[in-house]
Amino acid sequence: MLSQLSTRLINSESAETQDCIAEAIAAFGSYVDADRCYVFEFSDTMTSMSNTHEWVRDGLSAHIDDLQGITEEELPYFFNLMKNTFRFIVHDVRTLPEAARNEKLEFEREDICSVVCIGLVANQKLLGFVGCDMVHKRYHWTDDDVRHLSLVADMIANSLERQRTYQQLIDTQRQLKEANSKLQALATRDGLTGIPNRRALDEKLLEEVRRAKRQGTGLAILLIDIDHFKAFNDTYGHLKGDEALKQVATCLDAVMQRSTDFVARYGGEEFAVLISTDSAWQALRKANELLDAVEQLSIEHKNSPTEPYLTVSIGGYFELPQPDAEVASTISRLIDNADQGLYQAKADGRNCIRFR
């Protein structure tokens, strides 16, 4: 029987460990003709324990549900003995000393006459214990009983330790994945405004051009520059300038609400917007919304030659990428034409839009 239990536990997958432990205690409980056989696991601090597996002979009551989170203060004698000797062997609960008064009351509550518990020790750490008890009769646990239960305890302890190690590995992998995702997000986010940065824009351009070619859809890019921003910083200071950049970024992001829209900080006081659209007209309409939204922020700019408030200039370009078009050249063409449009908007007096 012990050989079969050992083989079953050793060959079990991590997901099967709990079922294998249940099978092991059921087999051993039947073998020694016990009334109950169970496994308890200690908390990491070893100040409490919970019943995790229980086999009960037909006709007897199960107690697993009400044996959860039992604290050391509730059963101090048992905890002390288990921590120090890894064993708790009682042939007759009536003979327990006065120091075990709490334990005696608990055993009486569960109608236990005799009980044996062996610690689950792995890597010199006490994980819990496996135990058996008798309800219908008092029983003198033999040396063979204790030795056999100790072997079962070793099997279960090794299985639990293996499962815990596996779970720790899974948890570590999950934490690393989450950390990598956060680092990736940080690497593609602008630290000041919180919107995507130039790196993220480059990645998005590559993705969107490929998608547009594949699906036969159009793509527009807008380059947006805050008018006379150096004069703004000179007048109000860089802290106010940073605040203005954040307000403009939030404003642009709020206007572009579709999942296919993308807003990024292009560099300095410049922003970029990618729009998946079927026509230049639709992109121009969005550009006008952005221009108006920034004006409506009413950020004072008393030294601006354009308006007494903060404004932007926008250059735009729309293209329907052809299936055979080279991705890199398409991206370069999108940016170059939008940049020329922005240059023209500045030359035409700023606070305006120029599409190419």
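**Sheets, a cavity and two odd phi angles**

Tutor: One open sheet here has 5 strands in the order S8-S9-S7-S10-S11, with mixed pairing. Mind that this is a predicted model: local features need pLDDT of at least 70, side-chain atom pairs count only at pLDDT 80 or more, and totals for chains, interfaces and linings use all residues. Residues are numbered from 1 along each chain as its sequence is written, and side-chain values use heavy atoms, with hydrogens and water left out.

Student: What makes S8 and S11 the edges?

Tutor: S8 and strand S11 (353-355) each have a single partner strand, so one side of each is left without a neighbour in the sheet. Strands here are DSSP runs of E with at least two residues, helices are runs of H or I with at least four, and both are numbered from the N terminus.

Student: How do you know that S8 and S9 pair?

Tutor: Pairing takes at least two bridges found by DSSP. S8 and strand S9 (residues 270-277) have 5, in the antiparallel sense, so they count as paired. Phe262 has Leu274 in S9 as its bridge partner. The hairpin has 2 residues between the strands, and Gly268 takes a positive phi near 60 degrees there.

Student: And what joins S10 to S11?

Tutor: There are 3 bridges between strand S10 (residues 312-319) and S11, and these strands run parallel. Ile314 sits opposite Ile353 in S11. Helix H10 (residues 327-347) lies across S7, S8, S9, S10 and S11, at about 145 degrees to S10. Such angles run from 0 to 180 degrees between N-to-C directions, with axes fitted to C-alpha atoms, for helices over the stretch in contact (contact means heavy atoms within 4.5 Å).

Student: Why is S8 called largely enclosed?

Tutor: Buried means under 20% relative accessible area, exposed over 50%, and partly exposed in between, with a 1.4 Å probe and protein chains only. In S8 (residues 262-267), 5 of the 6 residues are buried, so the rest of the structure largely encloses the strand.

Student: Which class does Asn123 fall in?

Tutor: Exposed, because its relative accessibility is 65%. Asn123 sits in the loop between S5 and S6, and has a positive phi of about 55 degrees although it isn't a glycine.

Student: What about His228?

Tutor: At 21% relative accessibility, His228 counts as partly exposed. His228 also has a positive phi, about 50 degrees, without being a glycine. You'll find it in the loop between strand S7 (218-226) and helix H7 (229-236).

Student: What is the strand order in the sheet with 6 strands?

Tutor: That open sheet goes S3-S2-S1-S6-S5-S4, with antiparallel pairing. Its edge strands are S3 (70-71) and S4 (87-90), each pairing on one side only. Strand S1 (residues 36-42) is joined to strand S6 (residues 125-134) by 6 bridges, and Arg36 stands opposite Asp133 in S6.

Student: How many cavities are there of 30 Å³ or more?

Tutor: Just 1, and it holds about 190 Å³. A cavity is a set of points on a 1 Å grid over the protein atoms alone where a 1.4 Å probe fits but cannot get out, and lining residues have an atom within 4 Å of a point. Of its 17 lining residues, Tyr38, Phe40, Phe107, Glu110 and Phe129 are closest to the centre. S1 gives the most to the lining, with 3 residues.

Definitions and conventions: 1 Å grid on protein atoms, 1.4 Å probe; cavity = no way out; pocket = protein on both sides within 12 Å on 5 of 7 lines; lining within 4 Å. Points joined across faces, edges and corners; volume = space filled by probe spheres on them.
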